[in-house]
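Here are my notes for your review. Please read them with the model open beside you.

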Amino acid sequence: MKALRYGISDTLVLAKRSLLRIPRQPDLLVGFTIQPILFILLFVYVFGGAISTPGLDYVDFLIPGIIVQSIVFGGFVTALGLSDDLKKGLIDRFRSLPMTRSALLTGRTLGDVATNIFQLVVMFSVGLLIGFNFSSSVGEVVAGILLLLLIGYAFSWVFAFIGLSSSSPEASNAYGFTILFPITFVSSAFVPVDTMPSWLQPIAEHNPFTYMVNAARALFLGLPAGDNVWLALVWTLAIIAVFAPLSAWKYRRVVAQ
Amino acid sequence: MESAPAVETVGLRKSYGNVHALRGVDLRVESGSVFGLLGPNGAGKTTAVRILTTLLLPDGGSASVEGSDVVRNAARVREQIGLAGQYAAVDENLTGFENLDMVGRLYHLPRGQPGTRARELLSSFDLSDAADRLVRTYSGGMRRRLDLAAALVARPPVLFLDEPTTGLDIRSRIELWDAIEALVSGGTTVLLTTQYLDEADRLADAIAVIDQGLVIAEGTPRELKSQVGGERLDIHLCDEQRGDEAVAALAAIASDRPFLEDGSVRVPVAERRGTIADAVRRLDDAGIAIDDISVSSPTLDDVFLNLTGHAAEHEGEEAEVQSR
């Protein structure tokens with residue numbers, strides 16, 4: 001019981017630490033605000049005219065996709081933070097304290113949920129300003145937002161693993177973007193899958209990221225969801241189930257080699 | 001009158017692949033003392049500290065802190081120790097106050113205590129004015145002081161300082177030494193690793209010299225100095241050509257063969273008392289005129305050269321294998 005109470009309080013202390021970092025590092029703040037806004041504007045006003053999305057305005061098509069992508073990359077702070085802690089020796093300080101050992105990981109990933117909420121507010125606001133409309137029930141919108149937060153949480157664990165596996169914040173940056181960028185683009189996030197070459201379509205269709213984007217689109221736009229919501233949920237939970245233990249294992253190894 | 005040691009290791013071993021960082025290290029640190037673990041880069045000092053602070057598992061042997069085994073009872077050990085190190089492990093994106101407050105909370109100090117303790121420590125380390133500034137604006141010396149303060153948040157009975165002054169300028173080093181001395185007078189046991197011989201000489205009650213994973217000498221700074229042959233007479237002759245005659249004349253009073261160096265005659269002596277007069281008399285009898293004569297006490301540098309056959313390295317960061 002005491003262990004659980006300490007586990008929660010240690011996690012909160014370290015989540016707060018993770019969050020305090022963001023406003024104090026202008027480059028991170030830019031990454032969370034200006035960068036996604038720029039992406040939205042670029043896609044809508046530069047590429048949008050050339051991309052045909054039958055039955056939907058491009059802005060309605062794009063916003064759910066680009067928000068899922070931004071949420072996935074939101075966990076990047078965790079990779080950056082953990083590799084920085086490793087490099088600067090802070091992990092040694094934490095590990096020499098009588099705190100709950102896993103709290104450094106649970107604190108960071110919990111902190112990411114807060115940044116993800118902030119991202120959602122920024123991006124939906126911009127979306128609404130340039131003509132995006134929710135066209136589903138309140139219940140579906142709420143379910144969609146919860147799904148987005150769960151997706152963000154899952155990818156925080158992926159980034160935790162990347163951060164613990166890389167030798168520097170720069171390296172974790174390179175790994176994260178090299179692996180995740182193609183995955184997010186070869187999906188239904190920015191263009192309809194059926195406009196891709198036929199050899200690429202099956203890959204894009206079965207990309208878990210496509211399920212997540214389609215699920216968000218269905219829940220926010222009131223489109224038929226098919227199996228997308230369930231598949232997105234299963235994939236998200238599976239990612240947590242794999243990467244949370246993997247990160248914990250890596251963290252112990254980094255510690256007790 | 002044997003009391004339980006604050007820190008004890010028996011046959012401690014640790015290897016990283018083919019690199020044998022520790023090859024059977026026995027240490028015993030008395031409660032309330034300052035113990036200096038002295039050695040060059042890569043000697044195994046940091047590895048020993050990392051095992052004692054539960055950051056690393058040993059391959060063999062045992063280690064305990066305040067009677068608790070560092071492997072079997074690691075959680076208990078963590079409640080008893082503070083760690084400050086060469087990396088100055090403080091969060092740059094937090095203020096000085098936030099750093100100490102966070103550490104206090106992670107030690108599970110009672111409600112309200114972390115903040116109070118943080119203010120108290122900031123004031124005693126002369127950081128009150130910088131308390132609410134981000135640590136990334138701090139100087140190197142301020143970071144080390146904050147790091148040391150962070151190690152003291154829970155008033156641990158045993159403190160590990162891993163190369164606390166590596167890379168600091170002279171003024172900051174002296175400030176940090178003063179802070180460490182003040183601590184010790186409060187009864188804290190300190191295990192300090194250093195590659196600075198003067199640091200061990202100034203701070204430590206007992207020293208173990210470690211090289212290539214083995215303890216090669218132990219004792220008080222004074223004992224170690226006497227181990228290299230005690231003191232030495234340095235005699236400068238009016239006529240440097242007569243050095244060999246002087247060596248022959250002084251051989252009888254030397255504890256080891258006198259030798260010539262930089263135009264002076266160096267005479268190792270076991271006991272300084274009476275030897276100056278004796279030396280002057282013998283040279284006078286031989287008709288050799290003395291220009292200058294002085295007694296030099298060996299430094300720990302001499303100890304080191306004598307024990308390891310190579311000089312201690314003063315420059316550069318600790319290059320030990322890190323556990324990645």
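The points below take chain B from domains to interface, sheet, helices and one loop residue.

1. Status. This is a predicted model. Please keep that in view for every value below.

2. Domains. The assignment splits chain B into two parts: domain 1 covers 7-225, and domain 2 covers 229-297. Their centres, taken over C-alpha atoms, are 44 Å apart.

3. Contact with chain A. How many residues of chain B are in contact with chain A? The count is 27, and they meet 22 residues of chain A. On the chain B side, at least two residues come from each of α2 (74-80), β6 (81-84) and α3 (96-106). The most come from α3(B), which gives 5 residues. By class, the chain B side holds 15 nonpolar residues, 6 polar and 6 charged.

4. The sheet. Chain B has an open sheet of 6 strands, with mixed pairing. The order is β6-β7-β8-β3-β9-β10. Which strands sit at the edges? They are β6 and β10 (214-219) of chain B, and each pairs on one side only. From one strand to the next, the twist averages 15°. Note that β6 of chain B appears twice in this account: it is an edge strand, and it also supplies at least two residues to the side that touches chain A.

5. One strand pair. Strands β3 (residues 34-38) and β8 (residues 189-194) of chain B run parallel, with 5 bridges between them. Within this pairing, Phe35(B) has Leu191(B) as its bridge partner in β8(B). In general, strands of a sheet pair through backbone hydrogen bonds, parallel or antiparallel.

6. Helices across the sheet. Helix α1 (residues 45-52) of chain B lies across β3, β7 (158-162), β8 and β9 (206-211) of the chain. Its direction is at about 150° to β7(B). Helix α5 (residues 140-152) of chain B lies across β6 and β7. The angle between α5(B) and β6(B) is about 170°. Strand β7 of chain B is thus crossed by α1 and by α5.

7. A loop residue. Asp169(B) lies in the loop between β7 and α6 (170-185) of chain B. Is Asp169(B) buried or exposed? It counts as exposed, because it has 12 C-beta neighbours inside 10 Å, and the cut-off for exposed is 12 or fewer. Asp169(B) and Gly140(B) are separated by 29 residues in sequence. In space, their C-alpha atoms are 8.7 Å apart.

Technical notes:
Residues numbered from 1 in each chain as written. Chains lettered and ligands numbered in written order. Predicted model: local features only at pLDDT ≥ 70, side-chain atom pairs only at ≥ 80, totals over all residues. Domains from an automatic or database assignment. Contact = placed C-beta atoms within 7 Å. Helix = DSSP H or I, 4+ residues; strand = E, 2+ residues; numbered from the N terminus. Nonpolar A, V, L, I, M, F, W, Y, C, P; charged D, E, K, R; others polar. Pairing = 2+ DSSP bridges. Axes fitted to C-alpha atoms, helices over the stretch in contact; angles between N-to-C directions. Buried ≥ 20, exposed ≤ 12 C-beta atoms within 10 Å, placed from the backbone.
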